[in-house]
Structures are given as C-alpha cells and as structure tokens.
Amino acid sequence: MFGKKKTDDEKAAAKRLSRIRVAAAAAGVNVLGGKFHQAGQGSIPVDGSTVTIELGEHARKRITATRVALTGIFALWLKKDEQKLYITIEHPDGVLLYPVDAKKEPQARVFATLVNGEATGITTD
C-alpha cells in the first residue's frame with residue numbers, strides 16, 4: 001500500500017543502527033543517515049567500520065598512523081590531552097578521530113562493542 005514491507009534482515013539492520021546511534025550520542029559521536037560525521041573530517045559509513053578507544057595518558061606515549069594521516073607532519077608536535085579519551089573510527093573509506101572527555105569511557109566502550117560486535121562475533125539481540 002505505502003511501500004514494500006521490510007525483510008527480517010532490513011529490520012535487524014535498522015534496529016542495530018538505532019542502537020549504535022543512541023550509544024554514539026552518549027559517547028559524543030555523531031551519526032546521521034547511517035554515517036559517522038565529524039566536523040572538518042567528513043563522514044564514513046557505519047557498516048564496515050571498526051572502533052578503537054584510547055585513553056589520553058596511553059595515547060600520548062606514541063604517535064599513531066591515524067594521527068599522522070589526520071594531521072600530517074604536525075602529529076610530531078601535537079600533544080594529546082591526558083584528560084581526554086580518543087575514539088578512532090576506521091573504515092576503508094577513511095578514518096575519524098573523536099576526542100571526548102575521559103569521563104565518557106563507559107559509554108564509549110558500549111558504543112565500540114555495538115559497532116565492533118559483528119566483527120567480533122558479539123550479538124546484541
């Protein structure tokens with residue numbers, strides 16, 4: 001009548017995206033229309049992405065390839081704030097880096113589990 005009915009796979013994908021969207025908002029990450037968005041960095045699809053979380057105190061000790069890709073040669077001089085948590089989202093189409101308050105670590109870990117769940121075999125039914 002108003003369109004075709006969604007298949008079970010489409011319903012499951014929509015439910016997963018909805019859960020990721022809520023968890024992302026709690027962690028300080030923007031999700032719009034099935035893509036992660038970061039001002040000044042562009043957007044990448046949710047599907048096929050992986051999330052890593054790094055505390056500023058540990059991240060400060062090394063320069064990651066992601067940081068070099070995002071900031072170029074300036075990565076050598078940039079210092080990471082130890083009161084921050086760094087959420088890195090990687091996808092074949094690009095990489096996004098979200099610096100958020102370290103107090104959001106529990107929410108960030110839930111978010112990472114939801115996004116990485118498919119890759120790690122974790123289900124959220």
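Which residues does His37 touch, not counting residues up to four places away in sequence? In this predicted model, His37 touches Asn30, Leu32, Gly42, Ser43, Leu96 and Tyr98. His37 is found in strand β2, which spans residues 35–38. With a relative accessible area of 25%, His37 is partly exposed. For one of these residues, Leu96, a C-alpha to C-alpha distance of 8.0 Å from His37 accompanies a separation of 59 residues in sequence. Another of them, Tyr98, is listed among the residues with the most contacts inside the largest nonpolar core.

The secondary structure of the chain consists of four helices and six strands. Along the sequence these elements follow the pattern α-β-β-β-β-α-α-β-β-α. Of the 125 residues in the chain, 34% are buried. Among contacts with a separation of 6 or more, 58% are made by residues 24 or more positions apart. The exposed area of the chain is about 8100 Å², and carbon and sulfur atoms supply 55% of that area.

Three strands form an open sheet in the order β4-β5-β6, with antiparallel pairing. The edge strands are β4 (50–55) and β6, each of which pairs on one side only. Neighbouring strands of this sheet are turned against each other by 20 degrees on average, direction ignored. Strands of a sheet pair through backbone hydrogen bonds, in either a parallel or an antiparallel manner. Between β4 and β5, which run antiparallel, there are six bridges. Within this pairing, Thr52 has Thr88 in β5 as its bridge partner. Strand β5 (residues 84–91) is joined to strand β6 (residues 94–101) by eight bridges, and these two strands also run antiparallel. The connection from β5 to β6 is a hairpin through two residues. Leu85 stands opposite Val100 in β6.

Beyond the end of the sheet, Ala102 lies in the loop between β6 and α4. Leaving aside neighbours within four places in sequence, Ala102 is in contact with Gln83, Lys84 and Leu85. The C-alpha atoms of Ala102 and Leu85 are 4.6 Å apart, although the two residues are 17 residues apart in sequence. Ala102 counts as partly exposed because its relative accessibility is 26%, a value between the limits of 20% for buried and 50% for exposed residues.

The largest nonpolar core has 22 residues. Within this core, the residues with the most contacts are Val29, Phe36, Val51, Ile87, Ile89, Tyr98 and Phe111. At least two core residues come from each of α1, β4, β5, β6 and α4. Helix α4 gives the most, with five residues. In soluble globular proteins, nonpolar side chains tend to be buried together. The surroundings of Val51 bring several of these core residues into view: leaving aside neighbours within four places in sequence, Val51 is in contact with Ile87, Thr88, Ile89, Phe111, Ala112, Val115 and Asn116. Thr88 in this list is also the bridge partner of Thr52.

A search of the whole structure finds two salt bridges. In one, Asp47 pairs with Arg16, with the closest N and O atoms 3.3 Å apart. This pair links distant parts of the chain, with Asp47 in the loop between β3 (42–45) and β4 and Arg16 in helix α1 (residues 8–27), 31 residues apart. Asp47 is exposed, with a relative accessible area of 57%. In the other, the side chains of Glu105 and Arg109 meet at an N to O distance of 2.9 Å. Glu105 and Arg109 are four residues apart in helix α4 (residues 105–120), so about one helical turn separates them. Both members of this pair are partly exposed: Glu105 has a relative accessible area of 23%, and Arg109 has one of 40%. Side chains of opposite charge can pair when their charged atoms come close.

Note on methods. Residues numbered from 1 in each chain as written. Predicted model: local features only at pLDDT ≥ 70, side-chain atom pairs only at ≥ 80, totals over all residues. Heavy atoms only, no water. Pairing = 2+ DSSP bridges. Buried < 20%, exposed > 50% of the residue type's maximum accessible area, 1.4 Å probe, protein only. Contact = heavy atoms within 4.5 Å. Areas by Shrake-Rupley, 256 points an atom, 1.4 Å probe, with all protein chains shown as cover. Axes fitted to C-alpha atoms, helices over the stretch in contact; angles between N-to-C directions. Salt bridge = Lys/Arg side-chain N within 4 Å of Asp/Glu carboxyl O. Core = buried A, V, L, I, M, F, W, Y, C linked by side-chain atoms within 4.5 Å.
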